[in-house]
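Reader: Hello! I'd love a close look at a single part of this protein. Could you walk me through one helix and its surroundings?

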Amino acid sequence: MKKKVGAALLSVAMLSTLVACGAKSDDGANKANSADTTSKGTGKKAVITIIQNKVEIQSALEDAVKEFNKTQDKYEVQALGAAGDNLMTVLQTQFSSAPEKAPTIFTTASGSEFQKYLPYMAPLDDMKAASKIVEGQDTAARNDGKLYGLPVALEGFGLIYNKDMFKEAGVNADDIKTWDDLVAASTKLEQVKGVKKAIAYAQESYFRFMHPFNWPFALMKDTSGTIAKINAGELKLQDIPELKEYVADLDKIKDHTNLSKDTYDEQVAGFAAGQYAMIHQGNWAQGLLNDYDVKFEYGFLPVPFEGNQGIAVGNSNFFRVNKHASEDQQAGAKAFLDWLLTDPAGQHYVTDEFNFIPVYSGFDTSKMDPLSQEVNRYASESKTVKWVFDQFPAGADQEFANQMEKYYAGKLTGEGLLEALQNVWMTAVKK
């Protein structure tokens, strides 16, 4: 069932040229934002480059770019290779060396990433798409009253589970109310023929650490206050009750997982092949599930930490426009994003090809995919948990994930994991 994602992740060796497998050549990537690509007074098209982190939409994004380019003759949009977990490193390298040559359109999360790259963002209040953002969904992209980003999509994550397999194992998803219930269910599910492990996590940094550790932080009474105390050196991770309980729960479920050894693609492929009964993932996995032509029914199951019965829902990722790009490039970037988010031809890609849940009015959502429908259902029933991982120190996700790898490999105990994460956290805060 192994199937490669449309565009490979950028390698560290290629960061300076913004070239990935399946992306433009070195020359094309380097020329993408150079000074002679503006149309002003030259008769040339302004070249607009876009880079984002979602490898699963890269192929469809390239198709959308091609269609937009056919609709007008002022701009040429180029989709650079999807950066995946390397996006922050790519942006830091590009903006610190030559911001005017950095990507014209880029994505970052809210929170610490937003603040870090705010000096490179152009305000977007004058855009048509800005006027159609669903109420309350633009707050995280505002600074001093101005809008500096367009939300990419509403997304949700939790445990995606195989409903047919649960039935075969005699497990009722509605009965999983506690972590011990999850462990007991996992034991039953692993008796089903073909199942290797009940639960699979992916190895990429956001999937190995950021999303899983959203649960204990999001379910605290005062998440922001707690994080402020950690940042100030007044509180350590290993002294926080919710985190101590969470790693104890991880110890209970660890033997029922794949130890986070699979790539994202392998994780979803294993689920599609019946090797895993559950995967810790979000509705963005729908595209791959479609590619694998999955026949069984599936849906979302809450991670039952502290009795939680919701999935994590948010829209922390935003499209940004590089304010150091030329006027023509900025105008072209806005034109493309307006087309993508407000024109029916562009909207088709957002809902039908990217499998995104739109955060804008005017979309036809009648044909939403199964996982998107699930996210909408949880949201409509107010069974949601906030995304708070954007408050974790910016740029530290990979080092956090490295400590998780050591934990899964048996090199760190649960207590040792929290101590290691504390050291990573404080090192990042002091940078």
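Author: Happy to; what follows is a tour of helix α13 and the contacts around it, with a short look at salt bridges elsewhere. Please keep in mind that this is a predicted model.

Let's start with the neighbour in sequence. Helix α13 covers residues 327–342, helix α14 covers residues 344–353, and the two pack with their axes 5 Å apart at an angle of about 70°. Angles of 65 to 115 degrees count as roughly perpendicular, which means that α13 is roughly perpendicular to α14. On the α13 side, the contact is made by Trp 339, Leu 340, Leu 341 and Thr 342. On the α14 side, Pro 344, Ala 345, Gly 346, Gln 347, Tyr 349 and Val 350 take part. Sorted by class, this contact has seven nonpolar residues, three polar ones and no charged ones.

Now for the nonpolar core. The largest one has 129 residues, and Phe 336 and Leu 340 are among the six that touch the most other members, together with Leu 150, Phe 166, Phe 213 and Met 278. Helix α17 (residues 414–430) gives this core its largest share, eight residues. Leaving aside residues up to four places away in sequence, Phe 336 touches Ile 50, Leu 61, Ala 64, Val 65, Phe 68, Val 77 and Ile 105. There is also a second, separate core of 15 residues, including Leu 80, Ala 83, Phe 95 and Tyr 117.

Charged side chains come next. Lys 334 forms a salt bridge with Asp 126, with 3.2 Å between the closest N and O atoms. Lys 334 sits in helix α13 and Asp 126 in the loop between α4 and β4, so this pair ties together parts that are 208 residues apart in sequence. Is each partner buried or exposed? Lys 334 is buried, with a relative accessible area of 16%, whereas Asp 126 is exposed at 61%.

The loop that holds Asp 126 has another link. Asp 125 meets Arg 142 in a salt bridge of 3.4 Å, N to O. Asp 125 is in the loop between α4 and β4, while Arg 142 is in strand β4, 17 residues apart. Asp 125 is partly exposed at 39% relative accessibility, and Arg 142 is partly exposed at 33%.

Finally, a look beyond the helix: the count comes to 11 salt bridges. One of them joins Glu 381 and Arg 377 at 3.7 Å, N to O. Through shared partners, salt bridges join Glu 374, Arg 377, Glu 381 and Lys 383 into one network.

How values were computed: Residues are numbered from 1 along each chain as its sequence is written. This is a predicted model: local features need pLDDT of at least 70, side-chain atom pairs count only at pLDDT 80 or more; totals for chains, interfaces and linings use all residues. Side-chain values use heavy atoms; hydrogens and water are left out. Axes are lines fitted to C-alpha atoms, for helices over the stretch in contact, and angles run from 0 to 180 degrees between N-to-C directions. Helices (H or I, at least four residues) and strands (E, at least two) are DSSP runs, numbered from the N terminus. Angles under 35 degrees count as roughly parallel, over 145 as roughly antiparallel, 65 to 115 as roughly perpendicular and the rest as oblique. Contact means heavy atoms within 4.5 Å. Ala, Val, Leu, Ile, Met, Phe, Trp, Tyr, Cys and Pro count as nonpolar, Asp, Glu, Lys and Arg as charged, and the others, Gly among them, as polar. A nonpolar core is a set of buried Ala, Val, Leu, Ile, Met, Phe, Trp, Tyr and Cys residues joined through side-chain atoms within 4.5 Å. Buried means under 20% relative accessible area, exposed over 50%, partly exposed in between (1.4 Å probe, protein chains only). A salt bridge is a side-chain nitrogen of Lys or Arg within 4 Å of a carboxyl oxygen of Asp or Glu.
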